[in-house]
Amino acid sequence: GAATAAETPQANPVPRIVTRDGRHALFVDGAPFLMLGAQVNNSSNYPDMLPEVWPTIKRIHANTVEVPVAWEQIEPVEGQFDFSFVDTLVEQARANKVRLVLLWFGTWKNTGPSYTPEWVKLDGKRFPRMITASGQPHYVLSPHSRTTLEADKRAFVKLMEHIRQIDPQNTIIMIQPENEVGSYGSVRDFSPAAQKLFDGPVPAALLKRLGKSPGSWKAVFGTDADEYFNAWSIAAYVEEIAKAGKAVKPLPMYMNAALASAFGRQPATTYASGGPVHHVIDVYKAAAPSIDLVAPDIYVRDHAAYLAYLDFYARPDNALFVPETGNDTEFARYFFATIGKGAIGFSPFGMDDTGYYNYPLGAKDFDESKAKLFARNYTLFEPMAREWAALAFAGKTWGVSEPTDPKANHTQVMELGPYRAVATFGQWQFGGDKPTGNPQPVGGAAIAELGPGDYLLTGFNTRVKFEPSKPESGQMLRVEEGRFENGKWIFRRVWNGDQTDNGLNLVDRQQVLRIKFGAAQGA
Ligand code: N0T
């Protein structure tokens, strides 16, 4: 019969970040989506390299791939655009059944101008650098140059127009304008134009956000003034680019951060000053409303620091996303703490077979022992990624990663409300002995609350003991092992006896447990 209005296919909803009650989800195809991500190496952004990308993506079961698109590659000659790589990439991503996040390497890549076209690199007049405090040109392009901003914006808008044209089904789900912005070695731009702004009033949007009274940058922010000013200048520049791109197609946009130390404050000249480091997130929120979120690139291996970064970036006004993390053995377990905090995604870096390894940030080589650890996370979550994303959006998820600092005693606790789940690492399955940690730090576990007294537990190399937090919380009634398939729980067996008497031992196998609690009546 003739199609009724209700049957007429609707245009696919464009992916977006949805925020409710201070929690967030990335909606893809109209529902919460968990990015089981992988980022390729920087120079894998050419058609001939893609055959060396897909096998690694397949091997680790990623559902989303982050790939650079370089300004130099799409506009080698000013005003002439070439999107052949984007076309090939999108086509092959579809064939490989993965979604894409495109990384716009424009004015700033790891703060520097290396990905700008030659006509930008060679024209210091139209595209000026920052000036240092001593009056020398710095390597970073100045955010106070209208011509640079207009040129980057034009190329970015062309890219977005091309995406709108070739990707109605939204294979591309998110965009990262620029990469790790900021400036190393100089806290801000000291050019005359910049200095004039610095001596002028702090913009009202920032004063309002921080509840400060009007004044010059120095008067309002004191010793933080230079860095805050740099953050504002860069964020406002990227805001204009992101806003123009979103007017073409409103894909979610985020900026990634090369991090400052998690504990204490270093001099701003020793990290990417002005980038979205944790202590200037409010500046980015005020200056760049078109940027949906700022995200930490976490290469630190220390457990306490890793968790601190997750806490800094998981905010009611900022969705947590780890767009880059190391691909070494000890990073795989951080997947659990990350998604337990409701992150929209997690993505190890350098995930291809092009022969580059960014040690000491990541692994010396991405061999099978490492691939296995990342692959087991994603194969475990692949069948229930949609369910998990919805539960995270509802604030019903928890996660832990094996600690390595002695203070933690190889123990992590998840406070679930009526219950606490105590996770220990490196114990006998019978318990009783002191946890000593796994031979390598690879343990991690996550819990989701499906309903009252109804929990999902999964993970690897972790022993979990549930304890009631209140007398009325009741006891563990039944532990089922099973799996999710198309949103349905499929039963495999009941765990009882040794499998439950001394805690639940998640080993190196793909195990998902469903635990029901209940209190005896009339006792
Ligand atoms: C990252 C990557 C790539 C703990 C490094 C990290 C990527 C960029 N930069 O392989 O270049 O494009 O976003 C910078 C880490 C700074 C040192 C952290 C020490």
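# Exercises: ligand site and domains

The ligand in this predicted model is surrounded by Asn42, Lys109, Asn110, Asn179, Glu180, Asn256, Asp297, Tyr299, Glu324, Phe349, Asn358 and Leu361.

**Exercise 1.** Sort the shell around the ligand by residue class.

Solution. Start with the nonpolar class: the shell has three such residues. Next come five polar residues. Four charged residues complete the shell.

**Exercise 2.** Test Asn110, Asn179 and Asn358 for polar contacts with the ligand.

Solution. The cut-off for a pair of N or O atoms is 3.5 Å. Take Asn110: a side-chain N or O atom is 2.9 Å from a ligand oxygen. Take Asn179: its side chain places an N or O atom 3.0 Å from an oxygen of the ligand. Take Asn358: a polar side-chain atom lies 3.0 Å from a ligand oxygen.

Now add the cover. Alone, the ligand has 500 Å² of accessible area, and the protein covers 69% of that.

**Exercise 3.** Find which pocket holds the ligand.

Solution. The ligand sits in the largest pocket.

**Exercise 4.** Describe the domain layout of the protein chain and the contact between its domains.

Solution. First, set the bounds. The assignment gives domain 1 as 26-392 and domain 2 as 401-518. Second, take the separation: the C-alpha centres of domain 1 and domain 2 are 35 Å apart. Third, count the contact residues. Domain 1 supplies 21 residues and domain 2 supplies 29 residues.

Note on methods:
Residues numbered from 1 in each chain as written. Predicted model: local features only at pLDDT ≥ 70, side-chain atom pairs only at ≥ 80, totals over all residues. Heavy atoms only, no water. Near = heavy atom within 4 Å. Polar contact = N/O pair within 3.5 Å; in protein donor to acceptor, adjacent residues only side chain to side chain. Areas by Shrake-Rupley, 256 points an atom, 1.4 Å probe, with all protein chains shown as cover. 1 Å grid on protein atoms, 1.4 Å probe; cavity = no way out; pocket = protein on both sides within 12 Å on 5 of 7 lines; lining within 4 Å. Sits in = over half its atoms within 2 Å of the grid points. Nonpolar A, V, L, I, M, F, W, Y, C, P; charged D, E, K, R; others polar. Domains from an automatic or database assignment. Contact = heavy atoms within 4.5 Å.
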